[in-house]
Amino acid sequence: MARLTVAKTYKMYIGGKFTRTESGRSIAIKNLQGEVAAHVCHASRKDFRGAVECARGAFSTWSDCTGYLRGQILYRMAEMLEGRRDEFASAIQTMQKMTIAAARKEVDASVDCLVQFAGWTDKFQQVLGCANPVAGAYYNFTTPQAQGVVAVIAPHTPSLLGLVALLGAPLCAGNTVIVVGSDVNPIPAAILGEVCQTSDIPSGVINIVTGVQSELYEHIATHRQVAGIYSAALAKKDRVEIEQGAADSMKRVRFSTLDGDDWFDGSITASPWNIEPFVEMKTIWHPSAC
Amino acid sequence: MTIATQDTSTEWDYSPALDSTKVTIEQKNKLYIGGKFVSPRSRAWFATTNPATEKKLADIARAGKADVNAAVFAAKTALPKWSRLSGSERAKYLYRIARRIQERAREFAILETMDGGKPIKESRDVDIPLVAQHFFYYAGWADKLAYAFPGASSSPVGVCAQIIPWNFPLLMASWKLAPALACGNTCVLKPAETTSLTALRLAEVFQEVGLPDGVANIITGEGDTGRFLAEHKAVHKVAFTGSTEVGKLLMRQTAGTGKKRTLELGGKSANIIFADAAIDQAVEGIISGIYFNQGHVCCAGSRLFVEESILEEVIHKLTRRLGSLRVGDPLDKNTDLGAVNSKEQLKTIERYIRCGVEEGAELHQTNTSRLPKKGNWCNPCFFTDVQPSHTIAREEIFGPVLSVMTFRTPEEAIARANNSPYGLAAGVWTNKGAKIFEVAKKLDAGIVWCNTYNKFDAASPFGGFKESGFGREGGVHGLRPYVRLGGV
C-alpha cells in the first residue's frame, strides 16, 4: 500500500515567528491535478495589522544597519535559498504547468536577483544621491533614506521570482516589508518564511502573510503606518482601489510593469531605479564659510 | 539743544524708498494657447487685485472646459516635434528664456510684488534671480539626460499639467516648466487665481524667444480650471504645488489612470535650536525661517524647538528682532514683510491666531509698524507656552505666526519634530559637527537646513517626506518626474 504523504499546513511568518491566522481560517491549495497540495493560512485584516506593528518595530534596527551589514544578511538569505532549490522548484511546479528545468531556472534567477540586491545595499546611495553645486558658500548634498514599512503584493507569476524581485528592492534600501503572498500560488511565499528564519534577517524585517489578496487591499492602502506599496500585474480596478486608499496618507505606490522575460533579467529587476521609489531623498545644507 | 533727550528708538523712521520703475499691465489678460494670446471661449473673466492697496489691477481670463481642451490639444500637437528635437536645440531655447528673464528682471519683480504682495527686496533678490537660474540650470540638462539616469534610458512623459500656488508665482512656474521642457515634454501651466500676471508675462518671453507654438501653454482660472486640466485624458503627468488637501484630492482623481504625479504639499517644519548654537545667527534663522514672504512658505520653520536652558535668551532676542521688522508697502525697498496675499488667507491666519490664544498659548505681537489703512496686513507674531496638541502647533497656518516650544535632549527634539504628518523641511542649529549630522539624519524631512534656513537653489532638490508629498524639484533629482525610464 502506498504511503500516506504528510501534507504540510503552512503558517505565516510574522515578527520572526511562524503563526497561524487569528481568524482560524485556512485555504486548501490544489495542484494542477486537482489534489490538495497544502493548506495555507487565510489572513485577516487583524493579521495584517499585527504584521505592520512588527515591521514598524523592526524599522529602526534594519534601516540603521550599515549597508555592508544589510548586504551580508541578504547574501546569507540567497545562500539559504540556493540550499532549498528543489523544494522551491517543486513549489513553483505545483500550480504552474512547467518543466522541472524551467522551475529550477526560476529559482536560480531568484537567488541571483537576491545576490544582486545584496550588492546594492552599500552602493545605491552613491548612484541615487549626489553633492549639489549650489551658487553659494554651502555644502549641499542629497542622500536617499528608507521610507518605513512597505507592503509587497506578490504577483501570481512568476510565483517565486516575482516575489523576490519586489521584496528585494525596498528591503535593500532599509525598509521593512510585509509580503502578501499570491493567492494562486502562495506556497513559495510560505516557504520563503523558512528561508528568512534560517538566515540572519532580524525579526520583523520580513513578514509574510497569505490569503486572499483583494480582501486586504483597502487595509493595506489606508493603514497609516504603511509608507509604500509595491506590486505588479494588478487589474485596473485594483490599482484604482489601492491608489484611492493610499491618497489619505500619501503612500508611495509603485505598480511595476515587469513582464515575461523581464523578470529573468537581473539588470532590470535589480536596477537601482527600482530601489528609488522606496527611498526618500533628503537634501542637507550647511554653510561652508564663516 | 534737545538731541540728547530725544527718544530715537521709536520716533525716527525711514523715508519711503519706493521702486519707481513703471510697469504697464494690460486691462484684459488673455490665455496663452498654441503660441498666441486668445480670448477665453468661456467668455468669463475675473479681477486680480493688489493685496497691498485692494485696487483692481486687471481682468484675467477664466478658462473653462473648452479652453482647457484647446490648451491640452495645443500641447499634444506640439509634443512629437518638441520631444524629437535634439537636446542641444531644446537647451538653446531655455537659455534664451533665462537671458530674457534676466533682462526683464526688474519688470518681473515689480509685477510680482504688485500682484502678490511680497516685498520688492524678496521678488528682486530672491524670486526672479532664482527663476532665471532654474531656466539656465535645466537648459544645460536638456542634452545631458543620458548622464542623469545611470543604466537606464529616458524618454519624455508627454503632456504635463502643472498647477502652481500663489506664494512664489513665477518661481513655481519655473520649477515646473524648466525641467519639463528640458526633458522634451510639453506643458499646460495654470497659475493660482490671485497671481496670474507674471506667468502671463513669461508667455510674452516665450513669444520673444520663438519657443515653438504649443510647447508651453498658460491658462488662468480657479480651482475648476485646475481640476479640468488634471482630469484631462490626454494629460500624462500632473505636477501640483499647493495644499495637502488638494494634493490628496488630485491623487484620488488620478488613481489608477497611470498618470505620473509630483505633489509638493504643505508643511509644519521644525526649527531646532540647541544651547551650543551661535544664538544670534540662529535668531536670524528663526526670523527668515518664519517671516520670509509673510510666512506664505510651505517649508516655513513654523515650529521652533528651543533647548530649555536658552529659552529666555532666545525669546529676548527674538522679541527685539521681531520689533525691528518693517511691515508695510511691498514696493518699498526697506520693507521686510509685505501684504498677505488675499483677504481669504488673512482671515485664515487671524482665525489661527485667535485659536492659539483661546487654546491657552501666550501671544507675542510686539511689532509696531504702522500698517496702511487699506490692504491685507498681518502683524507678525510668535506664541510661547505652546503645547504639541495645540492647533497652531499642528496645522499649517501659512502666515507669519511662529509656535515656540522647548526640549531637553536631542532625542526629545527629534521625536517632537517628527511627530507630524508632514515632512517637508527642518532646521538644526548647533556648533557640534557630529550632533548636527546625527539630528539631520534622523529628521523626517526632505530638506534639512543646518545652521541656515530657507535657502533655495536650482541645483538643490526640494520636496518632502510623508504627507508633504512626493517627487523632487531642483537638481538632477528634479528631472526624474519628467522622464519615463526604459530598461528597468
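Me: Which residues touch the most other members in the largest nonpolar core?
Reply: First, bear in mind that this is a predicted model. The general idea is that nonpolar side chains tend to be buried together in soluble globular proteins. Here the largest nonpolar core has 189 residues, and L114(A), V152(A), I178(A), V179(A), I229(A) and L94(B) touch the most other members. Take L114(A): beyond its neighbours within four places in sequence, it is in contact with L74(A), M77(A), A78(A), L81(A), V164(A) and G168(A). Another core, of 70 residues, lies apart from that one, and its members include V134(A), F292(B), L304(B) and I353(B).

Me: What does chain A look like as a whole, and how many helices and strands are there in it?
Reply: Chain A has 11 helices and 13 strands. Its C-alpha atoms fill a box of roughly 90 × 40 × 35 Å along the principal axes. For 290 residues, a compact globule would have a radius of gyration near 19 Å, and chain A agrees, with 19 Å. Of those 290 residues, 53% count as buried. If you take contacts in chain A between residues at least 6 apart in sequence, 76% of them join residues at least 24 apart.

Me: How do I read a sheet, and which strands of the β1-β5-β4 sheet in chain A stand at the edges?
Reply: Strands of a sheet pair through backbone hydrogen bonds, either parallel or antiparallel. In this case 3 strands of chain A form an open sheet in the order β1-β5-β4, with mixed pairing. β1 (9-10) and β4 (26-30) are the edge strands, each with a single partner, so one side of each has no neighbour in the sheet. β4(A) and β5 (36-41) of chain A run antiparallel and are joined by 5 bridges. One pair to look at is S26(A), whose bridge partner in β5(A) is C41(A).

Me: Which way do the residues of strand β19 of chain B point?
Reply: The rule of thumb is that side chains in a regular strand alternate between the two faces of the sheet. In β19(B), residues 447-450, I447(B) and W449(B) point one way while V448(B) and C450(B) point the other way, and all are buried.

Me: What does β19(B) pair with?
Reply: From chain A, strand β13 (279-287) runs parallel to β19(B), joined by 3 bridges. There, W285(A) stands opposite W449(B). From chain B, strand β18 (425-429) pairs with β19(B) in the parallel sense over 4 bridges. A426(B) has V448(B) as its bridge partner in β19(B). Add helix α14 (433-442) of chain B, and β18(B), α14(B) and β19(B) make a right-handed β-α-β unit.

Me: Is helix α3 of chain B mostly covered or mostly open?
Reply: Mostly covered: 9 of the 12 residues of α3(B) are buried, among them F108(B), I110(B), L111(B) and M114(B). The cover includes β4, β5, α2, α4, α5 and α6 of chain B. As for length, at 1.5 Å a residue, the 12 residues of α3(B) (105-116) should span 16 Å, and the end C-alpha atoms are 16 Å apart, which agrees. After α3(B) comes G117(B), with a positive phi near 95°.

Me: Where is P119(B), and why is P119(B) called buried?
Reply: P119(B) sits in the loop between α3 and α4 of chain B. P119(B) counts as buried because 27 other C-beta atoms lie within 10 Å, and the cut-off is 20 or more. Among its contacts outside the neighbours within four places in sequence are T113(B), P330(B), T335(B) and L337(B). D332(B) is 213 residues away along the chain, yet the C-alpha atoms of P119(B) and D332(B) are separated by 7.3 Å.

Conventions
Residues numbered from 1 in each chain as written. Chains lettered and ligands numbered in written order. Predicted model: local features only at pLDDT ≥ 70, side-chain atom pairs only at ≥ 80, totals over all residues. Core = buried A, V, L, I, M, F, W, Y, C linked by C-beta atoms within 7 Å. Contact = placed C-beta atoms within 7 Å. Helix = DSSP H or I, 4+ residues; strand = E, 2+ residues; numbered from the N terminus. Expected span 1.5 Å × (residues − 1). Pairing = 2+ DSSP bridges. Right-handed = clockwise from strand over helix to strand, strands pointing away. Rg over C-alpha atoms; globule rule 2.2 N^0.38 Å.
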